[in-house]
Amino acid sequence: MRGREKQLAQTSAQLRRVARSGRSTVLLVAAAPGAGKTRLLAEAGRLADADGFVVVGGSPAGSDAAIEAARTRLRHAGGARTAVVLDDLHLASPPALTTLCDLMVALRGLPILWVLAFTTDRGDVPSEPLKGCLGRLRAMLPVEPVRELGPIEGEALAHLVADCTGAAPGPALLALAESVNDTPRCVIELVRGLADDDLCVVDGTSRPQFGRIGGALLGGGVPAPVPKRFSMLIQQNLRSLSEPTLKALRLAAVLGSPFAPEDLSALLGEAPVGLLAAVDEAVDRGLLVCGEHDLAFRTEPIWRVLLDSVPPPVCALLRRQAAKMMLPRSDGVERAALQLVHIAQPGNTEEIRVISEGARKLLIADPSTAASLATRCMELLPPGQAERVRLARTAVEACTRAGHLERAITLAKAAIDDTAPLAPPLPAELAEDVAALQASMSTALLLLGNVQSARRAAGDALAARHGGGQHREAMIAHLAASYLTGDGTAVDRARKILDAPDRHTRAVLVGAMTFQAFGQWRDGEVGEAVSTLREAVALDRTGEEGQILDPRWFLAFALTRTDEYEQAAAVIQSSAATSVPETGALTAAVPAVLRAQLHLAQGRLDEAEGEARTGVGTDGSHVPMLAPQAWLVLASVALRRGKLTQAEDHIRHLEKDFPQHASSPWWAARLLLTAQLAEAQADPLAADVLAEIGARAGALREAVLEDPAAAAWCVRSMLAADRPDLVGMVIDTTEHLLARNRRLPSVLATAMHARALAEGDADALARAGRLHRNPWAQAAAAEDHAALLLDRGDHENAISELDRAMSAYGALGGERDAARVRARLRRLGVRRRHWTHAKRPVSGWESLTKTERKVAELVAGGLTNQQAARHLFISPHTVGFHLRQIYRKLGIRSRTELIRLRA
């Protein structure tokens, strides 16, 4: 039963209480019409029947005859455990209620669960006869009210809508359902009504046919239209409001959502105290929700219905009145712009000025809204006009910051083309705006992964700059694009910028420091690179300009690769916390890619895979510039799990969609993974691939720095392939890194591990294992140590090390690695199970893992998947996966059966 798991859990608890005590208990179900009490009673009857209770019900519900029929059946029940389920007691006559009450008191010493239900409208109390009956019962029997049958929400609401439509609901349909969710019946009636004319199923998702609902237009302002049937349903509900409340809500709809109470008070021309009754009624009816400092409509469809109720001419007057009222305030320009953008007309220079200024003020704090304001304002001005080009600058930068990269590029190209007919030379200010457009376009192209075009656009912007210093964004984009295309002068140019700091803005200095760090990293100066990135982050925090290419992204990568996991997590958190507040590619995909690499390094494969899939755009928008890193994580996860075909597919996808040349940042990492895959497939190609990496100066350094276990893997594989030349090359590389980074534990552990393995030094290898912080490298060191111990005949300690390695790999989810170690143990005559926990049955409660038991207990206690996920710090999808395993092991098919079984 959707959304009533807690009530069913409560019923199961009372059934257990009756069975244990042998005495009667009463459950009271009071609910509004359509809340699902009758369905709940039917489910309660099924639970009781499954627990061996005799179920007694009366029909027709609420009639005197039903009570009499129940009394008659109880005479023949004897002392058997019984559940009496009676509905609609508010319809019973006073004499029948008295008879029922006498019967319940007389039989209170028997094991009977009385489940009594009656209907109450909002705020109503039971009738006097029923109230008197309940009062007498409370004095004589244990009486417990069932949890309130309130509106269902979240996952339960989605399932309910899916039951009605036969397909999973999209966000638009869910927003409509949430707007009428007083009771399940309201939702069912709405969805079934829409299904006749207004719904369609696309790609397995049910949605309104006329377009998107439940999401405001880009940047907010006005929510999308709603179906006529829905509008009529909401209007019918609104007619029962008091006149002052309805008036306040219509004015609030003009102000927007959320809105400030003081704005509504001013628009109404009333003192704030006059709002109390209206706000209380609106909140009580589920139309408004209260924030800490403002109010908002509970859903956008409700907001749209109220906004549509205001005639357009009156709405325009109210918007101008609101804008005039807001302008004198500290944030008045931004708020006034959000009103005027809907009504401004071409030629109204003052309103256009306010909208334009509002867009610029919101550029960093709320780029989606800034883009919406700027693009709308552009429509009010003729092509080629200087102010229109300046607005395009704002719109393009805002779209880029919000992650709308293709939109940013389209706007920039169109605005630049609009200036083409103008006779050269362009006025200085207009030329500056065109150069700025080219610079912003170069950044969007860069993030979109179109590196060559980004470099050309940035070059054009730098060439077109009139007087003064060069454009900061163009300089940063040009440096980045040059670096990504293999231009070796990029790092040299970054150094020259840093040699003359007084000539450049903070943003340019931060960008130059970032690319200087890239050069240091490639040269093997790992510690210096991390220090430079830290300085860049510190300098960036002192600046007022928002940095689109955030140095914290690259610092997080560097910290992860040097095993500074706590610091990396803090940097990622800092980056995400100060990102754009709107959901977009930059805010979702960039932190996801950073976290994917961190999770992989820490051995959390499920989390790494989930974040990496976000990073490659599986679940929405992404940043193609960083997508190769996410594909590398996906391939690594698949390889660790032994899914070699999947790993091969991921590498092939990376090669096809993101072609790399020898100077690309991920070229060496991709080839390293290709070699590891070849070795796993027993393909001799692995040695050739490593030789290819070693043939390019610095590439092997980059490959070794990708993973603290990589150098040891290279040595181990090349020893097996009888390639001492490549073994020597790897050792030289790790020693080169160690000579320049003696204070870095990760580099020391990597170098010590590789040399000890190459020289067969078991004692040094044991020390390397203790130095490693990376869990994969620790497990590999134990496995390698075991091999050297075996070589000198120390089988006992070798087996101990192999056990440690197998346990570590198993805990990390490294199925292929664990299987390899297990096979090695078998060859030594030692058999180990395929799991690291105690043996358990294949079915029944004892078959559940520790995590599965936790999930089962939470769900049986009435929690939804989402609530259980929050409790266990895992995703709802993971909870769903565990539930499927639980159902399979317990031989059940629903949450209701789980509740009953757990009871």
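At what angle do helix α10 and helix α12 pack, and how far apart are their axes? In this predicted model, helix α10 (residues 243–255) and helix α12 (residues 276–284) pack at an angle of about 80°, and their axes are 9 Å apart. Angles of 65 to 115 degrees count as roughly perpendicular, and α10 and α12 are therefore roughly perpendicular to each other. On the α10 side, the contact is made by Pro244, Thr245, Ala248 and Leu249, while α12 contributes Ala277, Ala278, Glu281 and Ala282. The residues of this contact comprise six nonpolar, one polar and one charged.

Aromatic rings form a second topic. Seven aromatic pairs are found in a search of the whole structure. Two of them are set out below.

| Pair | Distance between ring centres | Angle between planes | Arrangement |
|---|---|---|---|
| Phenylalanine 297 and tryptophan 303 | 6.4 Å | 0° | stacked |
| Tyrosine 483 and phenylalanine 515 | 6.1 Å | 55° | tilted |

The tilted pair links distant parts of the chain, since tyrosine 483 belongs to helix α22 (residues 472–484) and phenylalanine 515 to helix α24 (residues 506–522), 32 residues apart. Both tyrosine 483 and phenylalanine 515 are buried. Ring pairs also join Tyr483 and Phe515 with Phe518, Trp553 and Phe554 in a cluster.

In the stacked pair, phenylalanine 297 has a relative accessibility of 5% and so counts as buried. Tryptophan 303, at 3% relative accessibility, likewise counts as buried.

A charged residue also meets a ring: arginine 640 lies over the face of tryptophan 776, at 4.0 Å from the ring centre.

Methods. Residues are numbered from 1 along each chain as its sequence is written. This is a predicted model: local features need pLDDT of at least 70, side-chain atom pairs count only at pLDDT 80 or more; totals for chains, interfaces and linings use all residues. Side-chain values use heavy atoms; hydrogens and water are left out. Axes are lines fitted to C-alpha atoms, for helices over the stretch in contact, and angles run from 0 to 180 degrees between N-to-C directions. Helices (H or I, at least four residues) and strands (E, at least two) are DSSP runs, numbered from the N terminus. Angles under 35 degrees count as roughly parallel, over 145 as roughly antiparallel, 65 to 115 as roughly perpendicular and the rest as oblique. Contact means heavy atoms within 4.5 Å. Ala, Val, Leu, Ile, Met, Phe, Trp, Tyr, Cys and Pro count as nonpolar, Asp, Glu, Lys and Arg as charged, and the others, Gly among them, as polar. Rings of Phe, Tyr and Trp (its six-membered ring) pair if their centres lie within 6.5 Å; planes under 30 degrees apart count as stacked, over 60 as edge-to-face and the rest as tilted. Buried means under 20% relative accessible area, exposed over 50%, partly exposed in between (1.4 Å probe, protein chains only). A charge sits over a ring if NZ of Lys or CZ of Arg is within 6 Å of the ring centre and within 35 degrees of the ring normal.
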